[in-house]
Amino acid sequence: MSEMLQIALPKGRLGEKIYKMFAEAGFDCPEILEDTRKLIFENKEAGVCFFWVKPSDVAIYVERGAADIGVVGKDILLEYKPEVFELLDLNVGKCYMAVAGKEGFRDNTENTLRVATKFTNIATDYYRKRGRDIDIIKLNGSIELAPLLNLSDVIVDIVETGTTLRENNLKPLERIIPISARLISNRASYQFKNEAIGKVVKGLRECVEARK
């Protein structure tokens with residue numbers, strides 16, 4: 001397995017879309033499409049070995065060298081700042097990070113702004129640059145509840161369609177940064193498997209351009 005390119009894919013619909021891009025780029029592995037509980041799939045002829053992991057864990061596998069390359073959301077890269085190389089924007093899984101709050105919310109800068117989020121580093125960096133005094137409230141789920149129950153003034157979260165916000169009488173107030181899936185590489189792998197990784201990047205870039 002070590003001779004092949006180890007590729008970490010995020011589980012779920014996004015991962016399935018990304019695998020199709022790899023297949024279109026010439027790095028397919030038909031076994032991955034079978035109904036199986038296996039997590040590791042090899043195509044020795046193509047020189048690739050895919051494995052499914054939780055989306056938030058992809059960067060850890062790549063950073064620590066269990067995977068040579070992987071695909072992860074830009075939000076993960078911004079929040080955890082793993083020591084990896086970002087090689088390519090795959091232009092899928094597009095959404096954005098935003099500040100959201102109740103309809104009609106007005107920020108009173110005389111008070112500390114209470115911000116609920118699971119993206120504490122992104123939120124802290126954003127408000128630090130604005131010179132805004134904030135109180136970060138870290139939550140792991142149901143972030144939209146926080147302003148509804150007066151736990152926070154606003155939230156910082158990923159917005160895709162905005163449906164969940166609208167259904168809870170919330171709205172995006174400020175866009176922080178666009179988010180999409182990124183191809184990343186382990187730093188040592190990029191040096192020692194540069195040719196193989198370069199072929200993958202070239203194939204995926206052509207696929208991205210063809211879809212524009």
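**Figure 1. Packing of the buried residues of helix H4 in the predicted model.** The buried residues of H4 pack against helix H3 (74-80) and against five strands, namely S6, S7 (113-117), S8 (134-138), S9 and S10. Helix H4 itself spans residues 120-130.

**Figure 2. The two sides of helix H4.** Thr120, Ile122, Ala123, Tyr126 and Tyr127 are the buried residues of H4. Viewed along the helix axis, these buried residues lie within an arc of 165°, and they therefore line one face of H4. Arg128 and Lys129, on the other side of the helix, are exposed.

**Figure 3. The residue that follows helix H4.** Gly131 comes after H4 and has a positive phi, near 70°.

**Figure 4. Enclosure of strand S6.** Strand S6 covers residues 95-102, and seven of its eight residues are buried. Because a residue is counted as buried when its relative accessible area is under 20%, this strand is largely enclosed by the rest of the structure. S6 is also one of the elements against which the buried residues of H4 pack.

**Figure 5. Pairing of strand S6 with strands S10 and S9.** S6 pairs in the antiparallel sense with S10 (residues 170-179) over eight bridges. With S9 (residues 154-159), S6 again forms an antiparallel pairing, here over six bridges.

**Figure 6. Ala100 and the residues opposite it in S10 and S9.** In S10, the residue opposite Ala100 is Pro172. In S9, Ala100 stands opposite Ile155. Both S9 and S10 are also among the elements packed against by the buried residues of H4.

Technical notes:
Residues are numbered from 1 along each chain as its sequence is written. This is a predicted model: local features need pLDDT of at least 70, side-chain atom pairs count only at pLDDT 80 or more; totals for chains, interfaces and linings use all residues. Side-chain values use heavy atoms; hydrogens and water are left out. Buried means under 20% relative accessible area, exposed over 50%, partly exposed in between (1.4 Å probe, protein chains only). Helices (H or I, at least four residues) and strands (E, at least two) are DSSP runs, numbered from the N terminus. Two strands pair if DSSP finds at least two bridges between them. The arc is that of the directions from the helix axis to the C-beta atoms. Contact means heavy atoms within 4.5 Å.
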